[in-house]
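Colleague: Could you take me through the ligand site of this model in detail, beginning with the polar contacts and then moving outward to the surrounding pocket? I should also like to hear about any unusual backbone geometry in the loops.

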Amino acid sequence: MPQIRVPEYGLSDGRVRLRRWRESDVPALVEACRDPEIPRWTVVPAPYTEIDARAFVAGQNERLSRGEGAPFAMVGAHDGDFLGSIEVTLLNRRSGRGEIGYWVAAAARRQGVALRALAIISEWALGELGLERLELLVEPENGPSQGVAEAAGYTREGILRSYRPMKGRRPDFVVYSLLPSDAPAREALGRAGYLTHTGR
Ligand SMILES: CC(C)(COP(=O)(O)OP(=O)(O)OC[C@H]1O[C@@H](n2cnc3c(N)ncnc32)[C@H](O)[C@@H]1OP(=O)(O)O)[C@@H](O)C(=O)NCCC(=O)NCCS
């Protein structure tokens, strides 16, 4: 698959910046992933070690070079502080579908970080990457993540029963989608009052 071109600086709304993963992210990654809420809802393993983090960082940049997806570290646009992880996986280039996954470090939660990152990556994936449909799959019990999806203007479509394996289980997933014809996720940010002071 063709390589995905990510701008050198990454993507930003002036507050949150999405950039390529770096080896120097490893210590912050290990610290963040020791919060049990992250492995609980994502494929992040538990316990999480420095070896896991090093393999993750190397693997993410390979995925980008192979054109399989665009994985980003979320950092503060001004201070560079590590905030979390978000990626869009290209499910099948011909189908034009992408799936987004994310987590935010515990200390950075409830400040609009996931919402901003989701709006930034969605706008880029539907615009620059030319995807025709973005999907978010969230477990029915994961209320916070469903809140993020809805705040970003994603449409809840229904339940995919026993959809795929996840750490020895086969959970149901609530499927959310965003299409190019939907109001841009950025508008949802504006409605939520998050766009008042962006430097973009
Ligand atoms: C889900 C998660 C990414 C949310 O990150 P966040 O940066 O705290 O989310 P935001 O601050 O952008 O929240 C945006 C909106 O989502 C909803 N929301 C987020 N967290 C919520 C919570 N704990 N309870 C209820 N609603 C919540 C709210 O509507 C919120 O807007 P508000 O704060 O103005 O009310 C974070 O809790 C997390 O990393 N959880 C563990 C990993 C995970 O579940 N990943 C997703 C797998 S599908």
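**The ligand site and its surroundings**

Modeller: In this predicted model, a polar backbone atom of valine 104 lies 2.8 Å from an oxygen atom of the ligand. Tyrosine 102 also takes part through its backbone, with an N or O atom 2.9 Å from a nitrogen atom of the ligand. Leucine 115 places a backbone N or O atom 2.9 Å from an oxygen atom of the ligand. On its own the ligand has 910 Å² of accessible area, and the protein covers 77% of it.

The shell around the ligand holds 20 residues, of which Val104, Arg110, Gly112, Leu115 and Asn142 come nearest. Valine 104 and leucine 115 thus appear both among these nearest residues and in the polar contacts described above. By character, the shell comprises eleven nonpolar, six polar and three charged residues. At least two shell residues are supplied by each of helix H2 (37-41), strand S5 (97-104), helix H4 (113-127) and helix H5 (143-151). The largest share, four residues, belongs to H5.

Moving outward, the ligand occupies the space of the largest pocket. That pocket encloses about 1,300 Å³. Its lining is made up of 50 residues, and Thr42, Gly101, Tyr102, Trp103 and Ser145 are the closest to its centre. The elements that contribute two or more residues to this lining are helix H1 (26-33), H2, helix H3 (50-66), strand S4 (82-92), S5, H4, strand S6 (133-138) and H5. The lining divides into 28 nonpolar, eleven polar and eleven charged residues. Tyrosine 102 connects the two views of the site: its backbone approaches a nitrogen atom of the ligand, and the residue is one of those closest to the centre of the pocket.

As for the loops, two backbone features deserve attention. Most residues other than glycine have a negative phi, and most peptide bonds are trans. Arginine 110, although not a glycine, has a positive phi of about 60 degrees. This arginine lies in the loop between S5 and H4, and Arg110 is also among the residues that come nearest to the ligand. The elements on either side of that loop, S5 and H4, each supply at least two residues of the ligand shell. The other feature is a cis peptide bond between alanine 46 and proline 47, with omega about -5 degrees. Proline 47 is placed in the loop between H2 and H3, two helices that each give two or more residues to the lining of the largest pocket.

How values were computed: Residues are numbered from 1 along each chain as its sequence is written. This is a predicted model: local features need pLDDT of at least 70, side-chain atom pairs count only at pLDDT 80 or more; totals for chains, interfaces and linings use all residues. Side-chain values use heavy atoms; hydrogens and water are left out. A residue is near a molecule or strand if one of its heavy atoms lies within 4 Å of it. A polar contact is a pair of N or O atoms within 3.5 Å; within protein, one must be able to donate a hydrogen and the other to accept it, and residues adjacent in sequence count only if both atoms are side-chain atoms. Accessible areas come from the Shrake-Rupley method with a 1.4 Å probe; for residues, only the protein chains shown count as cover. On a 1 Å grid over the protein atoms alone, a cavity is a set of points where a 1.4 Å probe fits but cannot get out, and a pocket is an open set with protein on both sides within 12 Å along at least five of seven lines; lining residues have an atom within 4 Å of a point. A molecule sits in a cavity or pocket if more than half of its atoms lie within 2 Å of its grid points. Ala, Val, Leu, Ile, Met, Phe, Trp, Tyr, Cys and Pro count as nonpolar, Asp, Glu, Lys and Arg as charged, and the others, Gly among them, as polar. Grid points are joined across faces, edges and corners, and a volume is the space filled by probe spheres set on the points.
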